[in-house]
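Colleague: I would like to learn how to read the features of a model like this one. Could we go through them in turn?

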Amino acid sequence: MSTYEAALAAIAHPTRQTLLEELRSGPRSVTELAKVVPVSQPAVSQHLGVLQSAKLVTVHRDGNRRIYSLGRQGIEDLRRYVDGFWTDALEQFAAEAKRHAARRKDPK
């Protein structure tokens, strides 16, 4: 499975979406993150594990705490994938605009 496929699968779950949103404002511990979602702390850890596998979050230890942050690699891979749709859409729009302009010049 590619990184972007793993990222898409990971963010399909609403709890994981909420966790990512929380991490946008900075690193958080599992305890801090568990306060913002309606699941247990062990469940939060499991969700974070899925996000970590998809490289959407990174973790480091601070004493006996684990601190989670957004994972640059996974976010960048996901962005490149989504940006590809935008690039394709713009190219299709440009091609259609050229066809339309050509029809206006030669309205046979």
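Modeller: What follows goes from the overall shape to the sheet, the helices and two single residues.

Modeller: This is a predicted model, in which local features need pLDDT of at least 70 and side-chain atom pairs count only at pLDDT 80 or more, while totals for chains, interfaces and linings use all residues. Residues are numbered from 1 along each chain as its sequence is written, and side-chain values use heavy atoms, with hydrogens and water left out.

Colleague: How many helices and strands are there in the chain?

Modeller: Helices (H or I, at least four residues) and strands (E, at least two) are DSSP runs, numbered from the N terminus. The chain has 5 helices and 3 strands, in the sequence pattern α-α-β-α-α-β-β-α. Its radius of gyration is 21 Å, well over the 13 Å of the globule rule for 108 residues, so the chain is more spread out than a compact globule. The radius is taken over C-alpha atoms, and the rule is 2.2 Å times the number of residues to the power 0.38. Along the principal axes, the C-alpha atoms fill a box of roughly 75 × 25 × 25 Å.

Colleague: What percentage of the residues is buried?

Modeller: Buried means under 20% relative accessible area, exposed over 50%, and partly exposed in between (1.4 Å probe, protein chains only). Of the 108 residues in the chain, 27% are buried.

Colleague: What is the strand order in the sheet?

Modeller: Two strands pair if DSSP finds at least two bridges between them. Here the 3 strands make an open sheet in the order 1-3-2, with antiparallel pairing. Strand 1 (28-29) and strand 2 (57-62) are at the edges with a single partner strand each, so one side of each has no neighbour in the sheet. Strand 1 is joined to strand 3 (residues 65-70) by 2 bridges, and S29 stands opposite I67. Between strand 2 and strand 3 there are 6 bridges; V57 has L70 as its bridge partner. These two strands form a hairpin with 2 residues between them, and G63 in the turn has a positive phi of about 70°.

Colleague: At what angle do helix 2 and helix 4 pack?

Modeller: Two packed helices are described by the angle between their axes and the distance between those axes. Axes are lines fitted to C-alpha atoms, for helices over the stretch in contact, and angles run from 0 to 180 degrees between N-to-C directions. Helix 2 (residues 14-23) and helix 4 pack at about 80°, with axes 10 Å apart. They are therefore roughly perpendicular; that label covers 65 to 115 degrees, with under 35 roughly parallel, over 145 roughly antiparallel and the rest oblique. Contact means heavy atoms within 4.5 Å. In helix 2, T15, R16, L19 and L20 meet V44, H47, L48, V50 and L51 in helix 4.

Colleague: Is S69 buried or exposed?

Modeller: S69, in strand 3, counts as buried at 18% relative accessibility. Leaving aside residues up to four places away in sequence, S69 touches L23, P27, L56, V57 and T58.

Colleague: Where is the place of K55?

Modeller: K55 is in the loop between helix 4 and strand 2. Its phi is near 65°, a positive value in a residue other than glycine. K55 is partly exposed, with a relative accessible area of 37%.
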